[in-house]
Amino acid sequence: MNLIKIIELLLRSLLFLLLPAYIVLNGLYYLMFGHIMNLEWVTLVSYVILIGTLMYKRYKPISQEERLDDYSFLNRYLQSGRWEILQDNHSYTTIRPAFDTPLNLVVDDKVTIEKNRNLVRISGPQLYVTDLFKHLHNSDDEKNTAWFKPFRLAFAAVVLTMPLVRDSGLIWEWTAFRHNLDRANAEVEDFDGNLNGNTVSNLNTRGLGIDAEDFTIYMHDDRTLVKTDNDLNFQETITFPQTSFGFGHLNLAGDWLYFTNGETLQRMKMDGSSQETLFDHGYVTHVHLTENGLYFLNSADRFTVHRMDFNGANLERVVNVENAYDLSVYEDVMYVSHRDGIDRYSLDGEHIEQLTAAKAWSITRQEDYYYFKGEDQRLYRLSENSPGQEEVVLDVEVDHYILADSTIFYMTSTYSREHPYSGVYKADLEGLENERLYVTDYIRHLTHIGDSIIFDASSVYGAVDVRRYDLSEETVDPLYN
């Protein structure tokens, strides 16, 4: 088998089939969604494998020899109009198919017939060689495999339309329909307005602590959920399920704790009872609890904004912005950042205005300003009275930050070349009066509870050291070590 011809066949297939197919699909995608297709590598590899496999199976170069005592039938068949004769003499004939358009324009479609007394050797693409021998024997092998063709066509259609089906949201709509059927009869809780939820600042830094009216709950070293009084005097541990690094987004409603754990959104009573899974269709992030229910970004539906009731019922997409970076919810308004900037929405998903075209993460509203991390990891702010005119507040790479008592508490990027010593810092809201509070190699989160900032510090491979910064005393001390 000629390796060069096989490589040529695959290259021709990619150039003359895959590329035009992509252009057509991208055109349809743009008409449907208003922007070009973001072709994932998995989809691209699927296309290459599909087209490469089909073309190889049909058109790989082969050579077949058989005894033939009478050439008259072969000559009549070549004159039937299915073939164009390029060269013909007593011992050698070159032909090309007049059928199989347009694929015969993609492949090297020449077929050679060598005649040596009572032997005939036919060489060329497998589809055409097989066709010739089939007519020599007056047989029709296609009847034996005709039943399989619809399955092959269906498979090819599924693979080729994969991006359109995925991004149209049809798969998710079916998933949401099944979810709502499952949760339709779930118990409905009446919290009588007793909704603590969590602060936007805490949720921006994994949401590992909640400051309630009479007590405090926070996650101690990612393994133990602790309940304390408001002065962080230890009271009890809360029975908690096996956790993973995906744990976070603590919210409180009445006696119910809401949290993410891996690829699930769950809730349980504070005594550890009545644990149940509200959502298990993929990772959720930026979970905010409001009087209207739970709002979050849904990875299973292209990171669009979703809402559902406290019992997991009535799951719905409220903002159909793909690949949202961040979600912050305040009372009756939410801020959604995506590749085109930050937009303000009402809680029912109605678009109000665009605040800026800058890409943003960890959006926090403070007085008349919006603070956020930019694409370069710097901390910016935007005046509510001057949309689109953001200014740099902290000209360093910031991992996480929290606004508390007119102060910015932040962590420098752990592996930043600009700041080789990571740690916890504070600055005023203008980004001035910077002070490093604690030096450490690695910090995973900040949590603002009452008069304290809690953080866990460690060396890259060392044990976790949970510490507290007292806002009134301005001291850093270990917490329950």
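This passage describes the nonpolar cores, aromatic pairs, ring-charge contacts and one hairpin of a predicted model. Residues are numbered from 1 along each chain as its sequence is written, and side-chain values use heavy atoms, with hydrogens and water left out. Because the model is predicted, local features need pLDDT of at least 70 and side-chain atom pairs count only at pLDDT 80 or more, whereas totals for chains, interfaces and linings use all residues.

The largest nonpolar core (buried Ala, Val, Leu, Ile, Met, Phe, Trp, Tyr and Cys residues joined through side-chain atoms within 4.5 Å; buried means under 20% relative accessible area with a 1.4 Å probe, protein chains only) comprises 27 residues. Leu74, Trp83, Ile113, Ile122 and Leu132 touch the most other members. Two or more residues are given to this core by each of helices H1 (3-33), H2 (41-59), H3 (72-78) and H5 (126-136) and strands E4 (111-116) and E5 (119-125); helices (H or I, at least four residues) and strands (E, at least two) are DSSP runs, numbered from the N terminus. Helix H5 supplies the largest share, five residues. Another core, of 17 residues, lies apart from this one and includes Leu265, Val284, Leu289 and Phe310.

Trp83 is in contact (heavy atoms within 4.5 Å) with residues including Tyr77, Ile95, Pro97, Phe99, Tyr128 and Leu132, not counting residues up to four places away in sequence. Trp83 also forms one aromatic cluster with Tyr59, Phe99 and Tyr128.

The whole structure contains 15 aromatic pairs, defined by ring centres of Phe, Tyr and Trp (its six-membered ring) within 6.5 Å, with planes under 30 degrees apart counted as stacked, over 60 as edge-to-face and the rest as tilted. The rings of Phe279 and Phe296 have centres 5.4 Å apart and planes at 65°, so this pair is edge-to-face. The pair links distant parts of the chain, 17 residues apart, with Phe279 in strand E14 (residues 276-279) and Phe296 in strand E16 (residues 293-298). Phe279 is buried, at 0% relative accessibility, and Phe296 is likewise buried, at 0%.

Charges also sit over rings (NZ of Lys or CZ of Arg within 6 Å of the ring centre and within 35 degrees of the ring normal). Arg267 lies over the face of Trp256, at 3.9 Å from the ring centre, and Arg381 over that of Tyr369, at 4.0 Å.

Strand E31 (residues 442-449) is mostly covered, with six of its eight residues buried. Strands E31 and E32 (residues 452-458) pair (at least two DSSP bridges) in the antiparallel sense over six bridges, and Leu446 has Phe455 of E32 as its bridge partner. The two strands form a hairpin with two residues between them, and Gly450 in the turn has a positive phi of about 55°.

Conventions: Buried means under 20% relative accessible area, exposed over 50%, partly exposed in between (1.4 Å probe, protein chains only).
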